[in-house]
Amino acid sequence: MSQTGNTGQQSGFTLLELIVVLTISGILLALTPPLFSSIMPEYRAAGASKKLTSYLLRARHEAIVEGKIISVSISSAGYGRQGSNKIQQWPTQVILKHLSEVWVEENREEIILKFFPDGSSSGARIRLASGTRSVSVLVNWLTGQVVSNE
């Protein structure tokens, strides 16, 4: 600490003041996570849609590069390559609200989305929800373009 002019006293904080400030800071930090945890479910659907979009874009890319049809299974349990045991599960509190092929408006339990070597696809509409938030992923049948409204 620095010396003050004539008196020779040191200026600074006492140990008691530091303890009080650290205690108040600890209490505030302990109260902060519950505030954010109520907001987090709203953003889980957005995160899940981004992961799904990325997965579908990768499958489309592989279909073009490898010159073969790539099939992706999408259901309420999750999504993954058709015939593969590895399924990407939806995050907790994220539910599949609507799943349909582009030509059929009815809601389905599962669809097989196909990406073709020319870049096109069989097309799909997927809606995920978490809390009050709902996010859509659309796969254009003609161009194979994958778009999320998030």
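Two strands count as paired here if DSSP finds at least two bridges between them. With that in hand, β7 (residues 133-139) and β8 qualify, since 3 bridges join them, and the two run antiparallel. One of the residue pairs is leucine 138 with its bridge partner in β8, valine 147. Please keep in mind that the model is predicted.

## The chain as a whole

Let's start with the overall layout. The protein chain holds 2 helices and 8 strands, and read from the N terminus the order is α-α-β-β-β-β-β-β-β-β. Of its 150 residues, 30% count as buried. The accessible surface comes to about 9900 Å², and carbon and sulfur atoms account for 58% of that area. If you look at contacts between residues at least 6 apart in sequence, 51% of them join residues at least 24 apart.

## The sheet

Four of the strands deserve a closer look. An open sheet is formed by 4 strands in the order β4-β6-β7-β8, with antiparallel pairing. Its edges are β4 (95-101) and β8 (146-148), each of which pairs on one side only. From one strand to the next, the twist averages 15°.

The table lists the neighbouring pairs, each with a residue pair to find in the viewer.

| Strand pair | Bridges | Sense | Residue pair |
|---|---|---|---|
| β4 and β6 | 6 bridges | antiparallel | serine 100 and arginine 125 |
| β6 and β7 | 7 bridges | antiparallel | isoleucine 126 and valine 137 |
| β7 and β8 | 3 bridges | antiparallel | leucine 138 and valine 147 |

Strand β6 also has a notable setting. Of its 7 residues, 5 are buried, so β6 is largely enclosed by the rest of the structure. Serine 130, which is found in β6, has a relative accessibility of 1% and therefore falls under the 20% limit for buried residues. Leaving aside neighbours within four places in sequence, serine 130 is in contact with Pro41, Glu42, Arg44, Ala45, Gln93 and Val94.

Follow the chain onward and you reach a hairpin: β6 and β7 are linked with 2 residues between them, and glycine 131 in the turn has a positive phi of about 65°. Threonine 132 is also in the loop between these strands. Is threonine 132 buried or exposed? Its relative accessible area is 74%, which is over the 50% limit, so threonine 132 counts as exposed. Threonine 132 is 90 residues from glutamate 42 in sequence, yet their C-alpha atoms are 6.6 Å apart in space.

## Helix α2

Helix α2 (residues 40-66) lies across β6 (124-130), β7 and β8, and runs at about 10° to β7. The helix has 27 residues and reaches 39 Å from its first C-alpha to its last, close to the 39 Å expected at 1.5 Å a residue. Its buried residues are Pro41, Ala45, Ala46, Ala48, Ser49, Leu52, Thr53, Tyr55, Leu56, Ala59 and Ala63.

Valine 65, also in α2, offers a contrast: with a relative accessible area of 59%, over the 50% limit, this residue is exposed. The C-alpha atoms of valine 65 and glycine 119 are 9.6 Å apart, with their positions 54 residues apart in sequence. Just after the helix, glycine 67 takes a positive phi of about 70°.

## The nonpolar core

In soluble globular proteins, nonpolar side chains tend to be buried together. The largest nonpolar core in this model has 23 residues, and those touching the most other members are Leu56, Ile74, Trp90, Phe115 and Ile126. At least two residues of this core come from each of α2, β1 (70-75), β4, β5 (110-115), β6 and β7. Which element gives the most to the core? That is α2, with 6 residues.

Isoleucine 74 makes a good place to explore these contacts. Not counting residues up to four places away in sequence, isoleucine 74 touches Leu56, Tyr79, Trp90, Leu99, Glu109, Glu110, Ile111, Leu113 and Ile126. Among these, Leu56, Trp90 and Ile126 also appear in the list of core residues that touch the most other members.

Definitions and conventions
Residues are numbered from 1 along each chain as its sequence is written. This is a predicted model: local features need pLDDT of at least 70, side-chain atom pairs count only at pLDDT 80 or more; totals for chains, interfaces and linings use all residues. Side-chain values use heavy atoms; hydrogens and water are left out. Axes are lines fitted to C-alpha atoms, for helices over the stretch in contact, and angles run from 0 to 180 degrees between N-to-C directions. Contact means heavy atoms within 4.5 Å. A nonpolar core is a set of buried Ala, Val, Leu, Ile, Met, Phe, Trp, Tyr and Cys residues joined through side-chain atoms within 4.5 Å. Buried means under 20% relative accessible area, exposed over 50%, partly exposed in between (1.4 Å probe, protein chains only). Accessible areas come from the Shrake-Rupley method with a 1.4 Å probe; for residues, only the protein chains shown count as cover. The expected span of a helix is 1.5 Å times one less than its number of residues.
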